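Reader: I should like to learn how to read a protein structure, feature by feature. Could the general idea come before each case?

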Amino acid sequence: MITGRFGWSSIVCLVLWVSSCKARLQGTGTGSTSRDTDSSFDFDFYVLAMSYQPEFCYKHRSSDWHGCEHPDDFWKADLTLHGLWPERKDGSWPSTCSNEQFDDDTLKLPGIAERIYHDWPNVRGNDDDSFWSHEWSKHGTCSGLSQGDYFRAALDSFVPTPAIVGEAYGATLSRSDLLEAYGGSEQVVLVCDGKSSNTQYLTELRFCVGMDAGTSKPSGRIDCPSVVLSEGSCFSDRIAITKFPGDDALILEK
């Protein structure tokens, strides 16, 4: 049993990969010079990001977050929403397209209230709306949708997790089997921690969703273009499915 999950070579490579993906997460990314924040309809499709909460909680295991210490059983076998992000075919994306502030009453609306804490949770706690506020401010304001329509659209786009993920809880599964379960290598982007280590840990999945040009609402899953597929970082033949820290998180031998 090892005391740390990544060796030094893994950390160096992980830093290099993070630097290339930091743009999407921080909004300073590829194509930012062509970003048009004056037009909320200036995008071609959506990227739907879904997180694997046990791995997220493992990375933040020193934090006393309620959702990590008392997780919903659903989160052990199913990924949950991270966000619905407007995207352009050239690999750029709009960001923070208006100063419209997040209204926390949005989470109480029909079609949202009964699903948000289950399918799109903030493991820091339901009384902390910073996560949903961030997703609205950075991405939702560029969708051309109202706050209610944006959150409903994201929830309606939720992609069910195949049973093989839950069956591998605390173990590993085949990368090829996971891709096949989601419809093939052009239908899903696998994102892992531990880029160059023998063991890679599933942390997120990304899907591409069409956009109705008339309403800007999502129109169903589509094949992802190469600019999105290139964000994948799960290269090992087998991928580790971490447990929540309270369930003795998975740490494998290198």
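Author: The turns that follow take up the nonpolar core, a helix, a loop residue, salt bridges and disulfides in this predicted model.

Reader: Let us begin with the interior. Which residues touch the most other members of the largest nonpolar core?

Author: In soluble globular proteins, nonpolar side chains tend to be buried together. Here the largest nonpolar core has 48 residues, and W120 and F151 touch the most other members. Several elements each supply at least two residues of this core, namely β1 (45-51), α4 (74-77), β2 (80-87), α6 (130-138), α7 (147-156), α9 (175-181), β4 (189-193) and β5 (200-211). Apart from it lies another core, of nine residues, which includes A49, W85, V189 and V191.

Reader: What does W120 touch, leaving aside residues up to four places away in sequence?

Author: On that count, W120 touches L81, H82, G83, R115, F131, W132, E135, Y150, F151, A154 and L155. Among these contacts is F151, the other residue that touches the most members of the core.

Reader: How many of the ten residues of α7 are buried?

Author: Seven of them are buried, so α7 is largely enclosed by the rest of the structure. The buried residues are Q147, G148, Y150, F151, A153, A154 and L155. What covers them includes β1, β2, α5 (116-119), α6 and β6 (218-222).

Reader: I should now like to consider a loop. Is N122 buried or exposed?

Author: N122 lies in the loop between α5 and α6. A residue counts as buried under 20% relative accessible area. With a value of 3%, N122 is therefore buried. Its side chain reaches the backbone oxygen of D128 at 2.6 Å. Leaving out residues up to four places away in sequence, N122 touches D128, S130, F131 and W132.

Reader: How many salt bridges does the structure have, and how should I read one within a helix?

Author: The count comes to nine salt bridges. As to helices, an α-helix has 3.6 residues a turn, so residues three or four places apart point the same way. In this structure, R152 forms a salt bridge with D149, with the closest N and O atoms 3.6 Å apart. These two residues are three residues apart in helix α7, and are therefore separated by about one helical turn. R152 is partly exposed at 26% relative accessibility, and D149 is partly exposed at 29%. Elsewhere, salt bridges that share partners join D73, K76 and D247 into one network.

Reader: How far apart are the closest N and O atoms of D73 and K76?

Author: In that salt bridge they are 3.6 Å apart. D73 counts as exposed at 57% relative accessibility, whereas K76 is partly exposed at 22%. A further salt bridge joins D105 to K108, with closest N and O atoms 3.2 Å apart. There D105 is partly exposed, at 39%, and K108 is exposed, at 62%.

Reader: Finally, how many disulfides does the structure hold?

Author: The structure holds four disulfides. One way to read a disulfide is to ask which parts of the chain it joins. C57 is joined to C68, with an S to S distance of 2.0 Å. C57 lies in helix α2 (residues 53-59) and C68 in helix α3 (residues 66-69), so the pair ties together parts that are eleven residues apart in sequence. The torsion about their S-S bond is about -80°, so this disulfide is left-handed. Both ends are buried, C57 at 0% relative accessibility and C68 at 10%.

Reader: Where do C192 and C234 lie?

Author: C192 is in strand β4 and C234 in the loop between α10 (226-229) and β7 (238-240), so placed that the pair links distant parts of the chain, 42 residues apart. Their sulfur atoms are 1.9 Å apart. A torsion of about 100° makes this disulfide right-handed.

Reader: What is the handedness of the disulfide between C208 and C224?

Author: It is right-handed, with a torsion of about 115° about the S-S bond. C208 lies in strand β5 and C224 in the loop between β6 and α10, and the pair ties together parts 16 residues apart in sequence. When the bonded cysteines of the chain are numbered in sequence order, the pairing reads 1-2, 3-4, 5-8, 6-7.

Note on methods. Residues numbered from 1 in each chain as written. Predicted model: local features only at pLDDT ≥ 70, side-chain atom pairs only at ≥ 80, totals over all residues. Heavy atoms only, no water. Core = buried A, V, L, I, M, F, W, Y, C linked by side-chain atoms within 4.5 Å. Buried < 20%, exposed > 50% of the residue type's maximum accessible area, 1.4 Å probe, protein only. Helix = DSSP H or I, 4+ residues; strand = E, 2+ residues; numbered from the N terminus. Contact = heavy atoms within 4.5 Å. Polar contact = N/O pair within 3.5 Å; in protein donor to acceptor, adjacent residues only side chain to side chain. Salt bridge = Lys/Arg side-chain N within 4 Å of Asp/Glu carboxyl O. Disulfide = S-S within 2.5 Å.
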